[in-house]
Amino acid sequence: MKIIDARVIVTCPGRNFVTLKLVTESGIHGIGDATLNGREMAVVAYLQEHVVPALIGRDASRIEDTWQYLYRGAYWRRGPVTMSAISAVDMALWDIKGKAANLPLYQLLGGKSRERVMTYAHCTGKEIDSCLEEVARHVELGYKAVRVQAGVPGIDTIYGVAKREGERYEPADAELPAEHVWSTEKYLNHVPKLFAAVREHFGHELHLLHDVHHRLTPIEAARLGKAVEPYHLFWLEDCVPAENQESLRLIREHTTTPLAIGEVFNSIHDCREMIQNQWIDYIRTPLTHGGGITHVRRIADFASLYHVRTGFHGPTDLSPVCLGAAVHFDTWVPNFGIQEHMPHDPLTDSVFPHDYRFEAGHFVVGEAPGHGVDIDEDAAARHPYKPASLPVNRLEDGTLWHW
Ligand SMILES: O=C(O)[C@H](O)[C@@H](O)[C@H](O)[C@H](O)CO
Ligand SMILES: [Mg+2]
C-alpha cells in the first residue's frame, strides 16, 4: 500500500492548526496533527522540505520502520519541531492501518481497558468567587475533575486565567508576544486560599487540579505542594521547568501532592529519570509532540513499570485530530489517569469532523475505523493561517521569567 500523496494543510478556524494528510494508492487516506502553537510554520517547513519527499512511494503499512527512518535517519534527533513532524506522519499511518483493517485504532492497540475516559475541564476566574461559579457550572455539566486557576491580587494578567468572563482559554493573540508581569510571592500566598474555598463549597469528592505553568523554582514548588496538601489535589502540574529532571526529586521529598509534568516534552529521554525514580505521578506528553502513537506508547509502557499514569495535554491548540487519537489511546492504555479537555469551538469541529463523544465528564471512543477524525479541506481553505504568539513573562523587576 504505497503512499502516493502527502499534503500539509494549514488552517485557522479561530486558531492555527497544521494537518498532514497522506493518501495511498488504494485510495485510503489518513491524517495526523502537527500543530506546534506559536511555531506552526517551522513544522510546516520541516514537513514540506524534509519529510514529504521521503514519504512518496513508501509502504504505508510500515509504521515502525518509517518512524525509525525519520528519527534516526535525520541524524538530528528530538526537539519539538522534528518530533511534531514525526508525530503527524505516525498518527496518519495508524489512521490508514485502522482503515485498511476496518478497525478503530483502540482495537489495533489491544482493545478497550475501560468504557469511557475521565476528562478534566478548565475553570478560571479573575477572583475566587467567579472561579467558584465556573466550578459550579462545570460540575453541572457532569465533570468529575476540574483544573482551577484564579487571578491573583496584585498581578494584572496571568496566562491560563481567562481575561474575559465566560472565556475558557486565552488564545495566542498577538503577532509579537504580549508581556506579563509575575510575582511568585503574591501567587504562593493566594493559591491555598483558592483551594480552601473550592473544598469548602464543593466537598472532597470532586477531583481538583492546578497548573503552575513552570513558574516556580524547586523549593518554591515544594512549598506550594505542602501548602495545598490539606485540599488533596488530583495533581499539581508543571510546577517547575524540567530540563533538569533532578529538580523533581527535591519537590517529591517535601510533599505528598501528586505531580504531573510533560506537556512540553517530546521524547522518552525528557522524562526517563523522573519516571524511573518515581518523582512524578502523571506524564502529560501528547501524541502530537511526543512522536505519535508509536513513541508515546513506549513512554506509557515504561511509565507503567513505575506507577506513573497518563494525563495527556489536551488544550485547544492541539487539533481534534490529536484529541481523537488520544481518546483511542486513553481507552486502551492500562495506566490511564485522566485526559485534559478544552472543548474546541463549533467552527473548529466543523473543519475536523470526528466521532468521539463527550458524555457526563468523560469521552466515549467512536467505532469508525482509524482514529475517527477527518479534515474538510474546503472548509479548512476558507480559514487561512494567521500569525499569533504566546505571551512572555517577566518578574516585577523586568527579569525574563519562565511561564
Ligand atoms: O495545561 C495546559 O493546557 C497548558 O498549559 C496549555 O494551556 C499550554 O499553555 C498551551 O498548550 C501552550 O500552547
Ligand atoms: Mg499545562
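Me: What makes the residues closest to the centre of the largest pocket stand out, and how big is that pocket?

Reply: This is a predicted model, and in it the largest pocket has a volume of about 1100 Å³. Its lining counts 42 residues, and the closest to the centre are His 214, Glu 263, Val 264, Leu 390 and Trp 403.

Me: How do you know what kind of lining the largest pocket has, in terms of nonpolar, polar and charged residues?

Reply: You sort the lining residues by type, and they divide into 17 nonpolar, 14 polar and eleven charged. Val, Leu and Trp count as nonpolar and Glu as charged, so of the central residues Val 264, Leu 390 and Trp 403 go in the nonpolar group and Glu 263 in the charged one.

Me: Why are Asp 211, Glu 237 and Glu 263 called donors of the magnesium ion (ligand 2)?

Reply: The cut-off for a magnesium donor is an N, O or S atom within 2.8 Å of the metal. The OD of Asp 211 and the OE of Glu 237 and Glu 263 lie 1.9 to 2.2 Å from the ion, so they meet the cut-off. Water is not among the atoms, so the site may look incomplete.

Me: What spacing do the donors of the magnesium ion (ligand 2) follow along the chain?

Reply: The spacing is D-x25-E-x25-E. Asp 211 sits in strand S7 (residues 207–211) and Glu 237 in strand S8 (residues 235–237), 26 residues apart, and the pair links distant parts of the chain. Both Asp 211 and Glu 237 are buried.

Me: Why is the contact between Lys 21 and Glu 377 called a salt bridge?

Reply: The test is a side-chain nitrogen of Lys or Arg within 4 Å of a carboxyl oxygen of Asp or Glu. Lys 21 and Glu 377 come to 2.7 Å, N to O, so the pair passes.

Me: What does the salt bridge of Lys 21 and Glu 377 tie together?

Reply: Lys 21 belongs to strand S2 (residues 17–24) and Glu 377 to helix H13 (residues 377–381), so the bridge ties together parts that are 356 residues apart in sequence. Lys 21 and Glu 377 also belong to a network of salt bridges that includes Asp 5 and Arg 7. The structure holds 19 salt bridges.

Me: Are Lys 21 and Glu 377 buried or partly exposed, and how do you know?

Reply: Buried means under 20% relative accessible area. Lys 21 has 10%, so it counts as buried. Glu 377 has 26%, which is not under 20% and not over 50%, so Glu 377 is partly exposed.

Me: How do you know that Asp 65 and Arg 62 also form a salt bridge?

Reply: Their N to O distance is 3.6 Å, and the limit is 4 Å, so the pair counts. Asp 65 is partly exposed at 33%, and Arg 62 is partly exposed at 46%.

Me: What makes Glu 359 and Arg 357 a salt bridge?

Reply: The closest N and O atoms of the two are 2.8 Å apart, which is within 4 Å, so this pair counts too. Glu 359 has 37% relative accessibility and is partly exposed; Arg 357, at 41%, is partly exposed as well.

Me: Why is strand S3 called largely enclosed?

Reply: Five of the five residues of S3 (residues 29–33) are buried, so the rest of the structure largely encloses it. His 29, Ile 31 and Asp 33 point one way, while Gly 30 and Gly 32 point the other way.

Me: How do you know that S2 and S3 pair, and what joins them?

Reply: Pairing takes at least two bridges. S2 and S3 have five and run antiparallel, so they pair. Val 23 stands opposite His 29 in S3. The two strands form a hairpin with four residues between them, and Gly 27 in the turn has a positive phi of about 95 degrees.

Me: What makes S6 and S16 edge strands?

Reply: Each of them pairs on one side only. The open sheet has three strands in the order S6-S15-S16, with mixed pairing. Strand S15 (residues 392–395) and S16 run antiparallel, joined by two bridges, and Arg 394 has Leu 400 in S16 as its bridge partner.

Me: Why is Ile 268 called buried?

Reply: Its relative accessible area is 13%, under the 20% cut-off, so Ile 268 is buried. Ile 268 lies in the loop between strand S9 (259–261) and helix H9 (272–276).

Definitions and conventions. Residues numbered from 1 in each chain as written. Chains lettered and ligands numbered in written order. Predicted model: local features only at pLDDT ≥ 70, side-chain atom pairs only at ≥ 80, totals over all residues. Heavy atoms only, no water. Buried < 20%, exposed > 50% of the residue type's maximum accessible area, 1.4 Å probe, protein only. 1 Å grid on protein atoms, 1.4 Å probe; cavity = no way out; pocket = protein on both sides within 12 Å on 5 of 7 lines; lining within 4 Å. Points joined across faces, edges and corners; volume = space filled by probe spheres on them. Donors = N, O, S within 2.8 Å, 3.2 Å for Na, K, Ca; no water.
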